[in-house]
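Reader: I have this model open and would like a close look at a single part of it. Please pick one strand and tell me how it is covered, what it pairs with and what lies around it.

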Amino acid sequence: MSDIFNLSKEDASTPISFDLTKALVDSGIAIPSSIRLGAGWDMPEGQAKMDVDLSVATITADGKLTGKDHFAFFSQRSVPGIELSEDDRTGDSSVGGDDEWAIVKLDELADGGVGIIGSLSVFEDSESRGLSAAGECYIRVVNEDTGEEMVRVQMTDLNSDAANLIKVTKDNGNIVVEAIETPIQGDLNAVVASLQ
Ligand SMILES: [Ca+2]
């Protein structure tokens, strides 16, 4: 099977554990003009750095990727409605803030897109460590209109290579934010495959 994306990172430039704090924020919150999906991690003292990657997929009502061109990741950072930050290869790019993030405008997603799924994956770790090896690893959703953090998933016990973690959808003018937990073994192409 050929890979879906070329995942090489030619330029040096940017894991995880899971205490899956369950959260569901929904109903009655009007769709913000934009939301931020933020992710961050810091390796425990003495441990080699890890390169965790945030990716954001535009999804249909069935939770499937609307199209290859609607999946934001390190080599395709701008897709309709989604702008992804630069790739952090170490988790060091931010102190007290997100290392990688995406700004999502739900009303500007590609045709057929009713929401997004945010995922984290480990990039080519020579020690094959899973996401739970990354310390203080989290993914969160922030309402950019109010600055309110709507949901945060803190990872402490997920030893998979990757996972789909956050789902945000539109529902009759409101926003629905869900913490999901779909562990995935494999690289970012496995994440994409899980959404097809
Ligand atoms: Ca990265």
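Author: **From the chain to one strand**

Read from the N terminus, the elements of the protein chain follow the order β-β-β-β-β-β-β-β-β-β-β-β-β-α. That comes to one helix and 13 strands, where helices (H or I, at least four residues) and strands (E, at least two) are DSSP runs numbered from the N terminus. Residue numbers start from 1 along each chain as its sequence is written. Please keep in mind that this is a predicted model, in which local features need pLDDT of at least 70 and side-chain atom pairs count only at pLDDT 80 or more, while totals for chains, interfaces and linings use all residues.

A word on confidence before we zoom in. The average pLDDT (the predictor's confidence in each residue, from 0 to 100) is 86 for the protein chain, and 88% of the residues score at least 70. Residues 12-23 fall below 50, and this stretch has 56 contacts in the model beyond near neighbours in sequence; two residues are in contact if their C-beta atoms, placed from the backbone, lie within 7 Å.

Let us settle on β9, residues 115-122, where eight of the eight residues are buried. A residue is buried if 20 or more other C-beta atoms lie within 10 Å of its own, exposed if 12 or fewer, and partly exposed in between, with C-beta atoms placed from the backbone. Across the 196 residues of the protein chain, buried residues make up 46%. In a regular strand the side chains alternate between the two faces of the sheet. In β9 both faces are covered: one side carries Gly115, Ile117, Ser119 and Ser121, the other carries Ile116, Gly118, Leu120 and Val122, and all of them are buried.

Which strands does β9 pair with? Strand β4 (residues 52-59) runs antiparallel to β9 and is joined to it by eight bridges; two strands pair if DSSP finds at least two bridges between them. In that pairing isoleucine 59 sits opposite glycine 115 of β9. Strand β12 (residues 162-171) also pairs with β9 in the antiparallel sense, over seven bridges, and here serine 121 faces alanine 162 of β12.

Now for the surroundings. Nonpolar side chains tend to be buried together in soluble globular proteins. The largest nonpolar core here has 54 residues, and Leu120 of β9 is among those with the most contacts inside it, along with Leu37, Val56, Ala102, Leu131, Val141 and Ile166. Such a core is a set of buried Ala, Val, Leu, Ile, Met, Phe, Trp, Tyr and Cys residues joined through C-beta atoms within 7 Å. Isoleucine 166 makes a good stop: leaving out residues up to four places away in sequence, it touches Ile117 and Gly118, as well as Leu37, Ile139, Val141, Val151, Val153, Ala179 and Ile180.

Phenylalanine 71, in strand β5 (residues 71-72), offers another view of Ile117: the two are 46 residues apart in sequence and 9.6 Å apart in space, C-alpha to C-alpha. Phenylalanine 71 counts as buried because it has 25 C-beta neighbours inside 10 Å. Setting aside neighbours within four places in sequence, its contacts are Ser55, Ala57, Leu65, Gln76, Val79 and Val192.

What follows β9 along the chain? The loop between β9 and β10 (137-143) holds serine 128, whose phi is positive, about 50 degrees, although it is not a glycine. Serine 128 counts as exposed because it has 9 C-beta neighbours inside 10 Å. Glutamate 136 lies in the loop between β9 and β10 too and has a positive phi of about 55 degrees, again without being a glycine. With 15 C-beta neighbours inside 10 Å, glutamate 136 therefore counts as partly exposed.

From β10 the pairing leads on to β3: these strands are antiparallel over six bridges, with arginine 36 opposite valine 142 of β10. β3 is mostly covered, with five of its six residues buried. Five bridges also join β3 (residues 35-40) to β8 in antiparallel fashion, and there glycine 38 has tryptophan 101 as its bridge partner. β8 (residues 100-104) has four of its five residues buried, and three bridges link it, antiparallel, to strand β7 (residues 82-84). Glutamate 83 stands opposite isoleucine 103 in that pairing.
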